[in-house]
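This report is intended for a reader meeting the structure for the first time. It treats each chain in turn, then the contact between them.

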Amino acid sequence: MQLRNTLNEFGIITRVLHWLIAVGVIAMLALGSYITRMEVGFSNFWLFGLHKSIGLTLFLLVGIRIVWHVISRPPAPLPSAPWKDRLARWVHLGFYALLVLVPLTGWIASAASGLDVVVFDRLTLPQIAPTSETVEEAFFTLHWGLTKLLAALALLHIAGALTRRDGTLRRMILGRATAD
Amino acid sequence: MTVPPRAPPYSRVMRLCSLLLCFFALIASGAVAAPQSYLLDTEQSRVRYEVDFGPDIIDGTMPVSRATVVVDFDTVANSQVDVTLSPGGATASFPFAAQALRGPKVLATDEYPDLTFVSSSVRPEGTGAIVTGDITIRDVTRPIALNAQFFRPQGTQQGDRRELWIEMTGAVSRSAFGADGWSDLVQDEVRLRILARITRAEE
């Protein structure tokens with residue numbers, strides 16, 4: 001089991017980071033959608049803390065993934081139609097941008113509300129925005145919009161992975177595109 | 001006029017009060033004829049609030065910083081209550097609620113450190129009184145009517161007015177004062193229950 005990526009294969013670190021982030025994003029899209037609709041009370045208020053805790057974790061994992069890909073460059077995409085390559089590249093770039101911006105806008109909006117942003121039930125994050133209803137509303141709106149964009153990209157990404165028959169999905173699961 | 005004993009709302013009062021007599025029972029004894037000034041015991045006096053939060057209730061206390069209480073046992077209408085609260089010292093039964101309460105979206109205590117009530121009239125009502133006046137929150141003043149009951153502490157003789165408890169209840173609409181933060185989570189009506197221990201000022 002190799003840790004680092006090679007010219008043709010994904011190492012275990014890249015794959016673990018990919019799947020952790022994938023599961024986290026899907027869970028957060030569902031959780032975020034749920035908490036905006038639920039009737040808030042004592043019994044479920046902790047879900048906001050869970051949302052922030054997972055969001056911060058994803059933010060850190062994306063940071064680790066970016067640093068790791070500088071240290072160990074991922075393999076180039078498998079050959080396919082040029083338009084598919086371009087689309088895949090833009091989807092990936094969009095993912096990285098959104099995976100940084102979505103948690104960041106949520107953090108800024110929460111901080112601007114004037115309440116402490118507490119994660120894991122004990123850690124208070126730095127106040128990264130001034131207390132301001134204008135900032136809070138603007139960034140929650142941005143957070144909401146970017147989240148919808150992230151959901152759309154996730155669907156596109158999953159559709160691409162499932163429809164490609166060239167071993168792309170297998171490579172992200174097992175490291176290499178073929179059984180050889 | 002004497003009213004039946006009535007169970008007080010707080011355990012501290014439970015210990016202190018055995019025979020609960022209303023304000024007007026005290027008047028009936030006729031021991032004092034002129035308006036009397038009373039001093040507030042800020043340590044034992046509390047303002048409790050509660051507000052609906054989804055299916056639950058957030059409650060807490062707010063300290064009383066100063067008060068002027070004048071009671072005229074002969075002419076109730078001459079009575080006067082003037083109370084200042086310190087919302088910056090508010091507590092809440094729920095994490096984040098006290099911080100939210102003190103923050104700029106609700107009471108903005110950094111900018112508005114005082115919350116005041118000044119009575120304009122007191123009239124008898126049933127076994128108690130209705131105290132009307134103006135309440136000022138965030139520099140916005142609105143009229144309010146509070147139901148008031150006066151009690152005598154346990155162990156004191158009927159007609160002894162040196163020490164009294166006042167319980168006042170009422171409600172405010174927080175949006176009327178611009179304190180409408182988190183209106184999607186927390187209801188607009190804030191119910192108030194004020195329990196004040198007052199001691200007659202020495203002449």
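## Chain B: overall make-up

Chain B contains 3 helices and 10 strands. Followed along the sequence, these elements are arranged as α-α-β-β-β-β-β-α-β-β-β-β-β. The chain has 203 residues, of which 33% are buried. Where contacts in chain B link residues at least 6 apart in sequence, 57% of them join residues at least 24 apart.

The model is predicted, and chain B has a mean pLDDT of 84, with 83% of its residues at 70 or more. Residues 1-32 of chain B have a pLDDT below 50, and this stretch makes 57 contacts in the model beyond near neighbours in sequence.

## Strand β10 and its partners

Strand β10 of chain B covers residues 186-200 and is paired with several other strands. Strand β9 (residues 163-173) of chain B lies antiparallel to β10(B), and 11 bridges connect the two. Within this pairing, Ser173(B) has Glu189(B) in β10(B) as its bridge partner.

Strand β2 (residues 46-53) of chain B is also antiparallel to β10(B), with 7 bridges between them; here Glu50(B) is matched with Arg191(B). Strand β1 (residues 36-40) of chain B is joined to β10(B) by 3 bridges, again in the antiparallel sense. Leu40(B) is placed opposite Ile198(B) of β10(B).

## The nonpolar cores

In soluble globular proteins, nonpolar side chains tend to be buried together. The largest nonpolar core in this model has 47 residues, and Ile166(B) and Ala196(B) are the members that touch the most others. Strand β10 of chain B supplies the largest share of this core, 6 residues. Leaving aside residues up to four places away in sequence, Ala196(B) is in contact with Leu40(B), Ser45(B), Val64(B), Ala67(B) and Ile166(B). A separate core of 8 residues includes Val62(A), Leu98(A), Leu99(A) and Leu150(A).

## Two positive phi angles in chain B

Two residues of chain B merit attention for their backbone angles. Ala108(B) is not a glycine, yet its phi is positive, at about 45°. Ala108(B) belongs to the loop that runs between α3 (97-102) and β6 (115-125) of chain B. Because 19 other C-beta atoms lie within 10 Å of it, Ala108(B) is classed as partly exposed.

Trp182(B), also a residue other than glycine, has a positive phi near 55°. Trp182(B) sits in the loop between β9 and β10 of chain B. Trp182(B) is likewise partly exposed, because it has 17 C-beta neighbours inside 10 Å.

## Chain A: overall make-up

Chain A has 5 helices and 2 strands, in the order α-α-α-β-β-α-α along the sequence. Its C-alpha trace extends over about 55 × 30 × 30 Å along the principal axes. Buried residues account for 18% of the 180 residues in chain A. For contacts in chain A between residues at least 6 apart in sequence, 66% connect residues at least 24 apart.

## Helices α1 and α2 of chain A

Helix α2 of chain A, residues 46-71, comprises 26 residues; from first C-alpha to last it reaches 37 Å, close to the 38 Å expected at 1.5 Å a residue. Its buried residues are His51(A), Lys52(A), Gly55(A), Leu58(A), Val62(A) and Arg65(A). Among these, Val62(A) is also a member of the core of 8 residues. The elements covering the buried residues of α2(A) include α1, α3 (82-112) and β1 (118-119) of chain A.

Helix α1 of chain A spans residues 12-37 and contains Trp19(A). Is Trp19(A) buried or exposed? Trp19(A) counts as exposed because it has 12 C-beta neighbours inside 10 Å. Trp19(A) is separated from Ser72(A) by 53 residues in sequence and by 18 Å in space, C-alpha to C-alpha.

## The contact between the chains

Chain A contributes 9 residues to the contact, and chain B contributes 12 residues. On the side of chain A that touches chain B, there are 3 nonpolar, 3 polar and 3 charged residues. For the complex, the predictor reports an ipTM of 0.78 and a pTM of 0.81.

Definitions and conventions. Residues numbered from 1 in each chain as written. Chains lettered and ligands numbered in written order. Predicted model: local features only at pLDDT ≥ 70, side-chain atom pairs only at ≥ 80, totals over all residues. Contact = placed C-beta atoms within 7 Å. Nonpolar A, V, L, I, M, F, W, Y, C, P; charged D, E, K, R; others polar. pLDDT = per-residue confidence, 0-100. Helix = DSSP H or I, 4+ residues; strand = E, 2+ residues; numbered from the N terminus. Buried ≥ 20, exposed ≤ 12 C-beta atoms within 10 Å, placed from the backbone. Core = buried A, V, L, I, M, F, W, Y, C linked by C-beta atoms within 7 Å. Pairing = 2+ DSSP bridges. Expected span 1.5 Å × (residues − 1).
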